[in-house]
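Visitor: I've got a few minutes and a soft spot for side-chain contacts. Could you show me around this one?

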Amino acid sequence: MGAVMGTFSSLQTKQRRPSKDKIEDEMEMATVCYRPEGLEQLEAQTNFSKRELQVLYRGFKNECPSGVVNEDTFKQIYSQFFPHGDASMYAHYLFNAFDAAQSGSVKFEDFVAALSILLRGSIHEKLRWTFNLYDLNKDGYINKEEMMDIVKAIYDMMGKYTYPILKEDAPKQHVDLFFQKMDKNKDGVVTLDEFIESCQEDDNIMRSLQLFENVM
């Protein structure tokens, strides 16, 4: 997915190509094993223009020629961009968040819908998506164990080369601080409302959560 993100970053610098190439884009979409929804429908459902979707699709297809990505491919892609750490567990959690239907594969529509939220969604939309990432068992609550699993996975992925001075208990301290501030009624779980409220009222938490965006 890193290559796709790199493709997106260059969208603003690319000029619009002739209509002939647009036709070729549509033809290329038809040649893969799985064909995504029409560009018009995706344009209406996301915050991307048709041209941006074409560029994103080219990047997605380069990484995933079959038109879908499974978890193993997801892990392989992330391992290339974080060679000094172990990205497998974080990629597993992130894959499950992208695979909203829990189908075992991520289609272009799934990918671009999540990307639209993470890059151009409102603060509430981004926080809801992040909450879903942390809610590993999808029961509508985040408990301390779930948050610990995610935070540890991020630290493992970034590797000791990135954070050489961190102590072994840094993830636990991170989570303990989060929970102390987020679990407002002290019932041992964090609800979506508590999560959003806590994030918005604490600049430190917002900066910590941006670590996720940096590894997206």
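**Side chains and helices**

Visitor: Let's begin with Arg120: what is the relative accessible area of this residue?

Guide: Keep in mind that we're looking at a predicted model. Buried would need a value under 20% and exposed one over 50%. Arg120 falls in between and counts as partly exposed, with a relative accessible area of 31%.

Visitor: Which residue does Arg120 meet in a salt bridge?

Guide: The closest approach, N to O, is 2.9 Å, and the cut-off for a salt bridge is 4 Å. Arg120 sits in helix H7 and its partner in helix H4, so the contact ties together parts 68 residues apart in sequence. That partner is buried, at 11% relative accessible area. The residue is Glu52.

Visitor: Since we've landed on H4, how many of its 14 residues are buried?

Guide: Their names include Leu53, Val55, Leu56 and Gly59, along with charged ones such as Arg51 and Lys61. H4 is largely enclosed by the rest of the structure, because the buried share of its 14 residues comes to ten.

Visitor: And how far apart are the end C-alpha atoms of H4?

Guide: Let's work out what to expect: 14 residues at 1.5 Å a residue should span 20 Å. The model agrees with that, since the end C-alpha atoms are apart by 20 Å.

Visitor: On to the rings. What is the angle between the planes of Phe60 and Phe111?

Guide: The structure holds twelve aromatic pairs, and this is one of them, with the ring centres 5.6 Å apart. Phe60 belongs to helix H4 and Phe111 to helix H7, 51 residues apart. Both count as buried, Phe60 at 1% relative accessibility and Phe111 at 0%. Stacked would need under 30 degrees and edge-to-face over 60, so this pair is tilted, at 35 degrees.

Visitor: Which residue pairs with Tyr134?

Guide: Here the pair is tilted too, with 6.4 Å centre to centre and 45 degrees between the planes. Tyr134 lies in helix H8 and the partner in helix H11, so they tie together parts 61 residues apart in sequence. Both residues are buried, and the partner is Phe195.

Visitor: Which Trp belongs to the aromatic cluster?

Guide: Phe60 and Phe111 turn up again here. They share one cluster with residues that include Tyr57, Phe74, Tyr90 and Phe98. The Trp in it is Trp129.

Visitor: Back to charges. Which residue does Lys144 meet in a salt bridge?

Guide: The two side chains come to 3.5 Å, N to O. Lys144 is in helix H9 and the other residue in helix H10, 32 residues apart. Both count as partly exposed, Lys144 at 36% relative accessibility and the partner at 27%. That makes the partner Asp176.

Visitor: What about Asp156 and Lys152: how many residues apart are they in helix H9?

Guide: They form a salt bridge with the closest N and O atoms 3.0 Å apart. Both count as partly exposed, Asp156 at 34% and Lys152 at 41% relative accessibility. About one helical turn separates them, because their spacing in residues is four.

Visitor: One last thing: how many salt bridges does a search of the whole structure find?

Guide: We've covered some of them, including Glu52 with Arg120 and Lys144 with Asp176. For the whole structure, the search comes to nine.

Conventions:
Residues numbered from 1 in each chain as written. Predicted model: local features only at pLDDT ≥ 70, side-chain atom pairs only at ≥ 80, totals over all residues. Heavy atoms only, no water. Phe/Tyr/Trp six-rings, centres within 6.5 Å; stacked < 30°, edge-to-face > 60°. Helix = DSSP H or I, 4+ residues; strand = E, 2+ residues; numbered from the N terminus. Buried < 20%, exposed > 50% of the residue type's maximum accessible area, 1.4 Å probe, protein only. Expected span 1.5 Å × (residues − 1).
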